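Reader: Please show me the structure, and then I will ask about the surface near the RNA and about burial.

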Amino acid sequence: MEVVDLLDIRLIRDEPNKFKELLGRRNVSADKIDKILEFDEKAREIKTKLNSMRAERNSISKEVAKYKAAKNEGGVAKILKRGKELANEIKIEETKLSEIQKDIKDMLLDIPNLPYEKVPIGKDETENVEIRKWGEPRKFDFEPKAHWDLGPQRGLLDFEKASKLSGSRFTILYKDAAQMERALVSFMLDLHTSKHGYTEVMPPHLVTRQTMINTGKLPKFEEESYSTTIDDLFLIPTAEVPLSVMHTGEILKEKDLPFKYVAYTPCYRREAGSYGKDVRGMIRQHQFDKVELVMYTTPEKSYDALESLTNEAEEVLQYLELPYRVIELCTGDLGFVASRTYDIEVWLPSYNGYKEISSCSNVTDYQARRANIRYRKSDNTLDFVHTLNGSGLAVGRTLVAIFENYQKKNGKIEVPKVLRPYMGGKEEI
RNA sequence: GGAGAGAUGGCCGAGUGGUCGAAGGCGCUUGCCUGCUAAGCAAGUGUAGGAUUUUCCUACCGUGGGUUCAAAUCCCACUCUCUCCGCCA
């Protein structure tokens, strides 16, 4: 991977203030940019020097060939001496250059994506902006139960047995709950493939370190990831990882874009940074099911695509008749690779509020640069594609939302109408 | 796990130390021609960096090292793909 591909260092060079300004909005210090520029200048200096040294070496090589052809041994010996000197000098400079380039690469890997200009500026999640609301939270004529009470009481969820097997933050689903989880996966996949035109994919759940780097999950989030002690493979934290770099190193045709992929996979996360958060129930798990949407588009169309992708994810909740709202993340709350993000939050009685159930982001060319995914434009030139991803939806949280919003006084849970065909016609569980 | 073969430009494929950044073909672009389409003819056609920027220089032939004045080509390690054998859901 070339250094320039990461986060085009030429762009930083040309408009350093733009980078400092935009990255400053997401709490990246300007010093980091200055340091990169400083190293970049050093690297270019060495490169220029190397360039002329190599040019000389190449001309020497040609002369050697010429002398040898002319059987001029004296000439050969003389020029070989200079050649050897030069070879040593070149090696020294090359070592210097590769050290600096490695430093630059490490620094660039640590720089997040630029936020879109229109993203609201803010420090953290308290400054996110509500965009729209759909549906009304239900008024209960009894005290609704939280899923962590309701589930075990009904014998549908078991947290204690799960912890015997795997420790904290795991859940076992039984009977109708297990079937509903499966029904939700099928319903979501069917909706996105048949109505929204996505191509269904079943990707690997274990990926290489390089794949994690290409998607921007590493080196930043190593401690958030599960990996295998042998073979250095990583359990995917989301299907975004395999899907958004499936086309690594490829040159796509403009007329084939956009690519729309949907995949159901379990997701594996250590949740290292969230001690004490959402400890009850199955809101925050080390393993959870998710149906993920990923798009590849041209740069011109990516922000429109983000709108449609978000709408497509929202539709799942509309069909399930679950109240939700859409918020836009402010600059301080944006994920590492995202340039703009909408979160969809579903109403949960146990929280007496809205809880994230989907996160839809335009990643622009950030992953495409790392994974070198380009497309050939109509004028025959090459450019990086833009990638987008969004949950469509987090399945476990959707199940929780149904349990809590559809519960009856007697503890039974009504099955949303669209799910009934997937559950043998059951109306309640 | 064992044995063998291989990895070259958008694709196929030649190339075993010195005009090889790489033959040839396909594809693509442009022009000509054919009153459409196809075919035919001609030219062009990798990516990136740098400079004194209508030109010149440099790097890149799976990845990383090494040998050499000089590496796609020789040596070492690794990764991946294919074939056969073994094992296995």
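Reader: By class, how many nonpolar, polar and charged residues does the surface near RNA strand B have?
Author: This is a predicted model, in which local features need pLDDT of at least 70, side-chain atom pairs count only at pLDDT 80 or more, and totals for chains, interfaces and linings use all residues. Residues are numbered from 1 along each chain as its sequence is written, chains are lettered from A and ligands numbered from 1 in the order written, and side-chain values use heavy atoms, without hydrogens and water. Near means that a heavy atom of the residue lies within 4 Å of the strand. The surface has 7 nonpolar, 4 polar and 9 charged residues.

Reader: Which residues surrounding RNA strand B are the closest?
Author: Sugar and phosphate make up 72% of the strand B atoms that come within 4 Å of the protein. Of the 20 residues that surround the strand, the closest are Arg10, Asn51, Asn58, Ser61 and Lys84.

Reader: How far is a phosphate oxygen of RNA strand B from an N or O atom in the side chain of Asn58?
Author: A polar contact is a pair of N or O atoms within 3.5 Å. For the side chain of Arg57, the distance to a phosphate oxygen of strand B is 3.3 Å. For that of Asn58, the distance is 2.8 Å.

Reader: Why is helix α13 largely enclosed by the rest of the structure?
Author: Helices are DSSP runs (H or I, at least four residues) numbered from the N terminus, and buried means under 20% relative accessible area with a 1.4 Å probe, protein chains only. Arg397 and Glu404 are among the buried residues of α13. The helix, residues 395-405, is largely enclosed because its buried residues number 11 of 11.

Definitions and conventions:
A polar contact is a pair of N or O atoms within 3.5 Å; within protein, one must be able to donate a hydrogen and the other to accept it, and residues adjacent in sequence count only if both atoms are side-chain atoms. Ala, Val, Leu, Ile, Met, Phe, Trp, Tyr, Cys and Pro count as nonpolar, Asp, Glu, Lys and Arg as charged, and the others, Gly among them, as polar. Buried means under 20% relative accessible area, exposed over 50%, partly exposed in between (1.4 Å probe, protein chains only). Helices (H or I, at least four residues) and strands (E, at least two) are DSSP runs, numbered from the N terminus.
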